[in-house]
Amino acid sequence: MAEPMKIRAKMEGDAADVKVLMSHPMETGQRKNEKGELVPVHFIQSVIATHNGKTVLDIQWSQSIARNPFLGFRVKGAKAGDKVTISWTDTTGDKSSIDTTVAA
Amino acid sequence: MVKFLMASSALAAAGLLGMRSAIAAVWNKTGFESKTTAEALKTLGVSGATVSREIQITAPEIAENGAQVPVTVTSKIPNTQSISIVVDKNPFPLSCTFEFSNGAESYISTRLKMGQTSNVIALIKADGKFFTAAKEIKVTIGGCGG
């Protein structure tokens with residue numbers, strides 16, 4: 001089961017600034033473990049960000065996104081109290097999501 | 001009766017479209033598995049992108065650790081639909097694609113893995129046309145294997 005994400009959304013001017021930190025190994029399939037065996041490829045492929053239920057970002061990632069991925073984006077026209085949700089799916093079909101309200 | 005059927009099928013279509021927005025775009029397997037930038041760009045439908053100064057790539061000149069390279073891309077090109085990032089010298093150059101809708105600003109911030117010193121290319125799709133900018137990032141310790 002995936003570990004929880006961290007999310008923060010705060011108004012900056014007329015846009016909500018959103019920062020997300022996900023917890024995931026993002027294995028490239030090229031790294032070897034202590035025994036010298038290749039660690040199988042395992043990474044977040046898809047991330048969807050929504051603002052009050054509407055998709056604002058539809059993201060596709062490869063294994064070249066760093067371990068414990070960071071994502072920053074901005075939603076114009078958002079207001080304090082609005083809901084922002086992040087959901088990801090990885091190469092094994094594992095999923096995780098988190099939501100927050102935009103702070104003033 | 002015919003009218004009713006038309007109305008209900010229109011509603012059904014609207015419902016399907018509504019659902020579609022909640023489902024992720026199909027993952028670009030061919031693109032992400034391409035071993036050269038040229039091949040990867042083909043899968044994105046790019047045939048010649050215009051170099052643009054309206055694209056800003058913010059990243060360190062020298063990344064000490066290739067496993068965590070912070071990269072921010074901002075596009076000032078009107079009607080920017082998506083931003084893709086390509087790390088030219090990575091084993092699989094295409095790194096990520098971000099599609100914007102419903103008020104998202106054409107700005108993204110993330111952290112990449114880089115195997116070695118390379119050009120990092122931002123590719124912007126706006127009004128169906130492609131624009132590009134590149135920045136070289138020097139890597140001291142690679143971040144792909146290890």
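**Figure 1. The two chains, element by element.** Helices (H or I, at least four residues) and strands (E, at least two) are DSSP runs, numbered from the N terminus. This is a predicted model: local features need pLDDT of at least 70, side-chain atom pairs count only at pLDDT 80 or more, and totals for chains, interfaces and linings use all residues. Residues are numbered from 1 along each chain as its sequence is written, while chains are lettered from A and ligands numbered from 1 in the order in which they are written. Chain B has three helices and nine strands, and from its N terminus the order reads α-α-α-β-β-β-β-β-β-β-β-β. Chain A has zero helices and seven strands, so its string is β-β-β-β-β-β-β. The C-alpha trace of chain A spans about 50 × 20 × 20 Å along its principal axes.

**Figure 2. Burial and contacts in each chain.** A residue is buried if 20 or more other C-beta atoms lie within 10 Å of its own, exposed if 12 or fewer, and partly exposed in between, with C-beta atoms placed from the backbone. By that count, 39% of the 104 residues of chain A are buried, and 35% of the 146 residues in chain B are buried. Two residues are in contact if their C-beta atoms, placed from the backbone, lie within 7 Å. Among the contacts of chain A with a separation of 6 or more, 56% are between residues 24 or more positions apart. In chain B, 66% of the contacts between residues at least 6 apart in sequence join residues at least 24 apart.

**Figure 3. Where chain B meets chain A.** Look here for 30 residues from chain A and 34 residues from chain B, which together make the contact. On the chain B side, strand E6 (94-100) and strand E7 (107-112) each supply at least two residues. E6(B) gives the largest share of that side, with seven residues. The residues on this side of chain B divide into 17 nonpolar (Ala, Val, Leu, Ile, Met, Phe, Trp, Tyr, Cys and Pro), 13 polar (the others, Gly among them) and four charged (Asp, Glu, Lys and Arg).

**Figure 4. E6(B) and its strand partners.** Strands pair if DSSP finds at least two bridges between them. On chain A, strand E4 (residues 54-61) is joined to E6(B) by five bridges and runs antiparallel to it. Find Ile59(A) and you will see Phe98(B) of E6(B) standing opposite. Within chain B, strand E5 (residues 80-87) also pairs with E6(B) in the antiparallel sense, over five bridges. Here Ser82(B) has Glu99(B) as its bridge partner in E6(B). A hairpin through six residues joins E5(B) to E6(B). Is E6(B) mostly covered or mostly open? Six of the seven residues in E6(B) are buried, so the strand is mostly covered.

**Figure 5. A sheet that crosses from chain A to chain B.** Six strands line up as an open, antiparallel sheet in the order E1(A)-E2(A)-E5(A)-E7(B)-E4(B)-E2(B). Strand E1 (6-12) of chain A and strand E2 (55-58) of chain B are the edge strands, each pairing on one side only. From one strand to the next, the twist averages 15 degrees (axes are lines fitted to C-alpha atoms, and angles run from 0 to 180 degrees between N-to-C directions). At the crossing between chains, strand E5 (residues 70-76) of chain A pairs antiparallel with E7(B) over two bridges, and Gly72(A) stands opposite Ser109(B) in E7(B). Within chain B, four bridges join E2(B) to strand E4 (residues 69-75), again antiparallel. There, Thr58(B) stands opposite Thr72(B).

**Figure 6. The largest nonpolar core.** Such a core is a set of buried Ala, Val, Leu, Ile, Met, Phe, Trp, Tyr and Cys residues joined through C-beta atoms within 7 Å. The largest one has 57 residues, and those with the most contacts inside it are Val47(A), Ala49(A), Leu57(A), Phe73(A), Ile85(B), Leu112(B) and Ala122(B). Strand E8 (residues 118-126) of chain B gives the most to this core, with six residues. Which residues does Leu57(A) contact, leaving aside its neighbours within four places in sequence? Ala49(A), Phe73(A), Phe98(B), Glu99(B), Phe100(B) and Ala104(B) are its partners.

**Figure 7. A close look at Thr89(A).** Thr89(A) sits in strand E6 (residues 83-90) of chain A. Why does Thr89(A) count as partly exposed? Because it has 17 C-beta neighbours inside 10 Å. Not counting residues up to four places away in sequence, Thr89(A) touches Gln45(A), Ser46(A) and Lys95(A). Thr89(A) and Ile44(A) are 45 residues apart in sequence, yet 5.7 Å apart in space, C-alpha to C-alpha.
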